[in-house]
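Notebook open, coffee poured. I wanted to look up a sheet, a helix, one lysine and the cores.

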Amino acid sequence: MRKGSLIVVALLLAAVGARAQYVPPVEEDVKARLAQWQDLKFGMFIHWGTYSQWGVIESWSLAPDDISWQYKARMEKEMDYFDYVRAYEHLKDTFNPVAFDPGKWADAARYAGMKYVVFTTKHHDGFCMFDTHQTDYKVTDAGCAFHADPRANIAKEVFNAFRARDIKPGAYFSIPDWHSNDYWWKRFPPKSIRANYKASEHPEKWAAYQDYIAAQLDELTSGEYGDLLMMWLDVTVSDDTGEAKHDWERFSRIVRDNQPGMLMVARGQHSIYENYQTPEQTIPEKALDYPWESCVTMTHSWSYRPGAKYKSVKELLTMLVQIVSRGGNFLLNVGPGPDGTLEEEAYDRLKGIGDWMQVNAEGIYATKAVAPYQDGKLYYTAKDDAVYAFYIPEEGEPMPAEIVIPSFVPAGPRAVVMLGSGKSLKWKKAEGGGTVVAVPASLRKTLSAQPVWCLKIKVK
């Protein structure tokens, strides 16, 4: 993940028509899995690797491009590029997250109402958080301080812990591997995030790299790591010329031969290998008519940064409601620290979300977007015979005595309730159409502390 992609995603959404950038799957088992995923609505993203020891942006300080946010860490350490790379790669030697407790993460995620998790098995730096046999640049290698710990196969431990709590696991996997000599060939210095040679001039190197990716995808999906919901494939660029192509057909065949129906998320490919799209750190302004997921950080960084400022529970719930009302899923990222723990602020936010979800989850899971999607402070979802109207108040705004719903009229006199109360509310038709719902003082008092309120309206 990277900051620069925010601009790219914004331009993409503005410039390209919805259907033009999405190719739906044709396989029935993939369609079924995709529909299942869309009903889950809310998941946890976890960015974690050796970089947490320095508290620097994940992988990107290795990128040779002359972009300030990428090389800032190198400047702070007053190292030239190649000294920095060597020091960064030696972070493997000292990586020792002795407080690693994926069960605690999973418990917090479950309480928050998260239904799936995406874990970084390998980021762009190439360090593997699983027991690959394709490289020694991994957490289980004898040169890593954590290798002798019984929990050393970190990805496996994470997947098992979340699966045990009925949270479906998925694997993030970076297509570029800046540690691999078949991608950033040591014969040449790297020039960008892409392979640093022309695949057309060195086809044997490019073929070897395709073999490397294929072998690792096979390792992750062949059974040792259990059933995975999706393979979330990041930065799907090719060589510097842009002419070489990754062997997506081969990768897909491996993944789905091992696990039929598994979702593939080859970001930015706009092909059958991108089963849903993933706007990053942004929310589309309107409902989209294809499957999508906004991935957003809980702080302002994907990975652990000391002193990072956390978004409030209200901000995060507002994002959740906006995303779901527009037909998307919300993948909320956390970044464990070097010892393997999440900060207390992260647990606090997850608990706050969970407290709200205990009352309002009915209007989130397995819902569909419904026009007009939003009326001012109201955001709509629909399920079965009901529309859910989420009221997002201004900061400090009390619950109003009346809520005007311009776009829907209840099906009967007892057809409106506020989630959390269990009592039918009085309503009347508004002049000019819509509905005015009366909120009694007792309810305004008992539910006023909730950051977002939800009315359930039976419309059929």
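Below are my entries, in the order I looked things up.

**Entry 1: the sheet.** Reminder to self that this is a predicted model. I began with an open sheet of 5 strands, and I read their order as 8-9-10-15-12, with antiparallel pairing. At the edges I found strand 8 (374–375) and strand 12 (416–418), each of which pairs on one side only. Next I looked for what packs on this sheet, and I got helix 10 (residues 313–325), which touches strand 9 and strand 10 (386–391). The direction of helix 10 makes about 55° with that of strand 9.

Then I went back to the edge at strand 8. How many bridges join strand 8 to strand 9? I got 2, with strand 9 covering residues 378–383 and the two strands running antiparallel. I also noted that Asp-375 stands opposite Leu-378 in strand 9.

**Entry 2: helix 8.** I moved on to helix 8, residues 203–221, which is 19 residues long. From first C-alpha to last it reaches 27 Å, close to the 27 Å expected at 1.5 Å a residue. I pulled up its buried residues, among them Trp-206, Tyr-209, Ile-213, Leu-217 and Leu-220. Polar and charged names turn up in that list too, including Lys-205, Gln-210, Gln-216 and Glu-219. What covers them? I found that the cover over the buried residues of helix 8 includes strand 2 (116–122), strand 3 (168–174), strand 4 (230–234) and helix 9 (248–258). After the helix comes Gly-223, and I noted its positive phi, near 135°.

**Entry 3: Lys-205.** This lysine in helix 8 caught my eye, and I wanted to check its label. Is Lys-205 buried or exposed? Its relative accessible area is 11%, and the cut-off for buried is under 20%, so I logged Lys-205 as buried. Leaving aside neighbours within four places in sequence, I listed Asn-181, Asp-182, Trp-185 and Tyr-197 as its contacts. For Asn-181 I also have a distance: its backbone oxygen lies 3.2 Å from a polar atom of the Lys-205 side chain.

**Entry 4: the cores.** Last stop was the nonpolar cores. The largest one has 128 residues, and I noted Ile-154, Phe-162, Met-230 and Trp-232 as the ones that touch the most other members. Which element gives this core its largest share? I traced that to helix 10, with 8 residues, the helix I had already seen packing on the sheet. There is also a second, separate core of 21 residues, and I wrote down Tyr-391, Ile-403, Phe-408 and Ile-457 among its members.

Note on methods: Residues are numbered from 1 along each chain as its sequence is written. This is a predicted model: local features need pLDDT of at least 70, side-chain atom pairs count only at pLDDT 80 or more; totals for chains, interfaces and linings use all residues. Side-chain values use heavy atoms; hydrogens and water are left out. Two strands pair if DSSP finds at least two bridges between them. Helices (H or I, at least four residues) and strands (E, at least two) are DSSP runs, numbered from the N terminus. Contact means heavy atoms within 4.5 Å. Axes are lines fitted to C-alpha atoms, for helices over the stretch in contact, and angles run from 0 to 180 degrees between N-to-C directions. The expected span of a helix is 1.5 Å times one less than its number of residues. Buried means under 20% relative accessible area, exposed over 50%, partly exposed in between (1.4 Å probe, protein chains only). A nonpolar core is a set of buried Ala, Val, Leu, Ile, Met, Phe, Trp, Tyr and Cys residues joined through side-chain atoms within 4.5 Å. A polar contact is a pair of N or O atoms within 3.5 Å; within protein, one must be able to donate a hydrogen and the other to accept it, and residues adjacent in sequence count only if both atoms are side-chain atoms.
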